[in-house]
Amino acid sequence: MSSPDPQDRPKKAKDDLDHGPEPGSLEATNFWDVIYGRRSVRRFRSDPIPRELTDKVMHAGIWAPSSCNYQMWDVVAVDDPELNAELAQLSTQMGNAPVNLVISYGRDFSEEGSANIQSASAMIQNMSLAAHALGLGTFWITQMGDNEKLRERVGLPYDRLVIAVLALGYPDKDGTRAPGRRPLERVTHYNQYAGEPIPSSTNPADWTPQLLALYQRARVLNGLRHNKPRAWEVRALETMLEQLVPEGIEKVEDDGQAQHWLDVLPCNGILTERLSRERKGYHFDIVERSPEVAAFVAKRTRPRANPFGWPESAQDEDFPAPEAGKYDVVSCLFRLEDIAPGDRSALIADMHSWLRPGGRLILGYVSRKSFHQTTESLRKRRGGPGGVEYVLSPDPNIGPFEALAPKEVEGMVRGAGFAIEQSIGLQAVPQAEEIEFRTRNFSGRTKKVVGLIAGTLAAFEKLPGLQKTRGRFRFLAARKA
Ligand SMILES: Cc1cc2nc3c(=O)[nH]c(=O)nc-3n(C[C@H](O)[C@H](O)[C@H](O)COP(=O)(O)O)c2cc1C
């Protein structure tokens with residue numbers, strides 16, 4: 001195989017076919033290094049890419065298989081910085097690399113079995129691997145904002161459906177650590193499927209506790225993508241702390257006098273980290289579904305939290321249950337929502353057992369009696385402005401999720417033997433930062449309209465009593481008798 005000479009680009013073989021590189025003319029590359037060494041690169045140097053290199057990458061692309069070898073693909077390589085800046089207006093993801101390869105395929109062609117998408121995907125993967133072999137980096141972009149606008153902007157006819165964009169450039173730094181993969185034996189089978197699938201449903205009733213543990217463990221070990229605190233959530237947490245746990249801000253001199261706080265099912269640990277920073281008078285422990293997730297969270301707290309296991313099936317000698325009757329505070333923030341409805345009361349009863357007499361339960365959850373339901377249905381319709389998947393709703397990236405009815409939650413808490421002392425509702429309308437974040441890939445005009453709506457909503461939120469009854473985030477403090 002040989003590298004295609006870019007100078008040959010305008011020339012055509014007599015039969016108007018590309019017969020591939022000359023045998024023996026390509027630099028030797030270790031195939032396995034390319035397969036296992038390719039990484040999604042999201043930060044690039046600004047240096048332009050010589051077109052001969054871009055051609056080499058695209059040439060590898062056209063040697064991918066396609067349905068019936070019809071090759072109904074067209075790729076537009078955008079290397080004009082001004083045009084790329086315009087593409088970045090459609091989606092910020094296209095604002096990272098010096099070249100954006102816009103990959104399209106015959107819109108209605110071979111739609112049976114989505115053969116158009118499959119053929120284009122084979123081409124994209126070939127290009128990703130070729131780029132890596134050439135010392136370039138790529139990342140595969142499906143969040144393109146409005147792909148019809150993108151198609152028009154690069155002059156592709158209606159017949160061509162934009163499938164994805166492949167960002168291409170010189171990597172800014174080497175050695176990005178590979179996000180792990182789910183183990184071979186769990187996802188591959190001989191002759192008959194013999195596994196237990198992780199559901200794609202976001203309904204908690206469809207998940208067993210074991211699958212949830214497995215999924216969250218995989219998410220954490222693979223590197224959570226949305227592992228950042230969101231400003232509006234942190235604000236809600238701070239308001240909750242001010243109102244429900246005003247004490248324990250300062251570190252106590254004698255560590256032995258610190259009070260004990262158990263945070264239940266913190267998963268990514270974003271909120272636990274914040275709690276341990278804001279309430280230094282407490283020593284934090286955590287309880288999780290797997291030792292790996294527990295270790296991940298423990299590292300985020302200062303001093304390091306002791307990890308415990310829940311439910312009973314997850315516990316062993318090295319990963320025991322939390323000590324009964326020990327804790328001054330037990331918190332469970334936005335985690336009852338991912339548990340199957342039948343198991344929620346059991347967790348609340350266990351939290352009761354971990355508290356000392358007189359200790360407090362702090363529960364935070366997303367209320368079903370809030371705008372959350374509306375934004376969820378918008379997201380599900382996927383027909384929201386710009387077709388963006390997540391319109392104003394929390395990222396359900398750590399498993400299933402369902403908003404809860406306040407009456408039911410309060411009933412369960414009382415049923416476990418608690419006396420509810422305080423209950424607050426926060427954020428009755430989507431917050432400005434959240435609206436900005438969720439609509440960041442919308443077009444300029446839609447963003448403006450959404451901005452105006454955000455302003456109106458902010459005024460609306462000041463109506464007396466609205467937050468308490470219609471707040472998306474509900475927190476309650478309950479005491480163990
Ligand atoms: C169909 C598809 C769509 C993807 N979309 C995006 C995207 O929109 N943005 C992004 O940053 N990465 C995207 N990726 C890259 C994946 O996040 C990445 O491949 C995965 O995390 C594994 O990392 P690795 O490629 O370094 O092995 C996409 C990958 C595929 C196959």
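1. Let us start at one proline in this predicted model. P311 sits in the loop between β7 and β8, the latter covering residues 327–333. The peptide bond that leads into P311 from W310 is cis, and its omega is near 0 degrees. As background for a first look at such bonds, most peptide bonds are trans.

2. Where does P303 lie? P303 belongs to the loop between α10 (291–298) and β7 (306–309). Here, too, please check the bond before the proline: R302 and P303 are joined by a cis peptide bond, with omega at about -10 degrees. So that you can find both places in the viewer, go to β7: the loop with P303 runs between α10 and β7, and the loop with P311 runs between β7 and β8.

3. Now turn to the backbone angle phi. Most residues other than glycine have a negative phi. C68 is not a glycine, yet its phi is positive, near 55 degrees. You will find C68 in the loop between α2 (51–62) and β1 (73–78). Is C68 buried or exposed? C68 counts as exposed because it has 11 C-beta neighbours inside 10 Å, and the cut-off for exposed is 12 or fewer.

4. Q71 also deserves a look. Its phi is positive, about 50 degrees, although Q71 is not a glycine. The loop that holds Q71 is the one between α2 and β1. Q71 is partly exposed because 17 other C-beta atoms lie within 10 Å, a count between the limits of 12 for exposed and 20 for buried.

5. The loop just discussed leads us to a sheet. What is the order of its strands? Four strands make up this open sheet, running β1-β2-β4-β3 with antiparallel pairing. At the edges are β1 and β3 (137–141), each of which pairs on one side only. From one strand to the next, the twist averages 25 degrees. α2 packs on the sheet and touches β1, β2 (99–106) and β4. The direction of α2 makes about 165 degrees with that of β1.

6. Let us zoom in on one pair of strands. β3 pairs with β4 (residues 160–169) in the antiparallel sense, over five bridges. Which residue of β4 is the bridge partner of I141? The partner is V165. I141 is also one of the residues around the ligand, which takes us to the next point.

7. Please display the shell around the ligand. It consists of R39, S40, R42, Q93, F139, W140, I141, T142, Q143, A178 and P179. How many residues of each class are there? Five are nonpolar, four are polar and two are charged. A good exercise is to sort the names yourself: R39 and R42 are charged, for instance, while F139 and W140 are nonpolar.

8. Finally, step back to the whole chain. It is divided into domain 1 (6–169) and domain 2 (231–480), and the centres of these two domains, taken over C-alpha atoms, are 42 Å apart. The secondary structure comes to 16 helices and eleven strands. Along the principal axes, the C-alpha atoms fill a box of roughly 90 × 55 × 45 Å. The chain has 481 residues, of which 39% count as buried. Among contacts between residues at least 6 apart in sequence, 76% join residues at least 24 apart.

Terms used
Residues are numbered from 1 along each chain as its sequence is written. This is a predicted model: local features need pLDDT of at least 70, side-chain atom pairs count only at pLDDT 80 or more; totals for chains, interfaces and linings use all residues. A residue is near a molecule or strand if its C-beta atom, placed from the backbone, lies within 6 Å of it. Helices (H or I, at least four residues) and strands (E, at least two) are DSSP runs, numbered from the N terminus. Domain bounds come from an automatic or database domain assignment. Two strands pair if DSSP finds at least two bridges between them. Axes are lines fitted to C-alpha atoms, for helices over the stretch in contact, and angles run from 0 to 180 degrees between N-to-C directions. Two residues are in contact if their C-beta atoms, placed from the backbone, lie within 7 Å.
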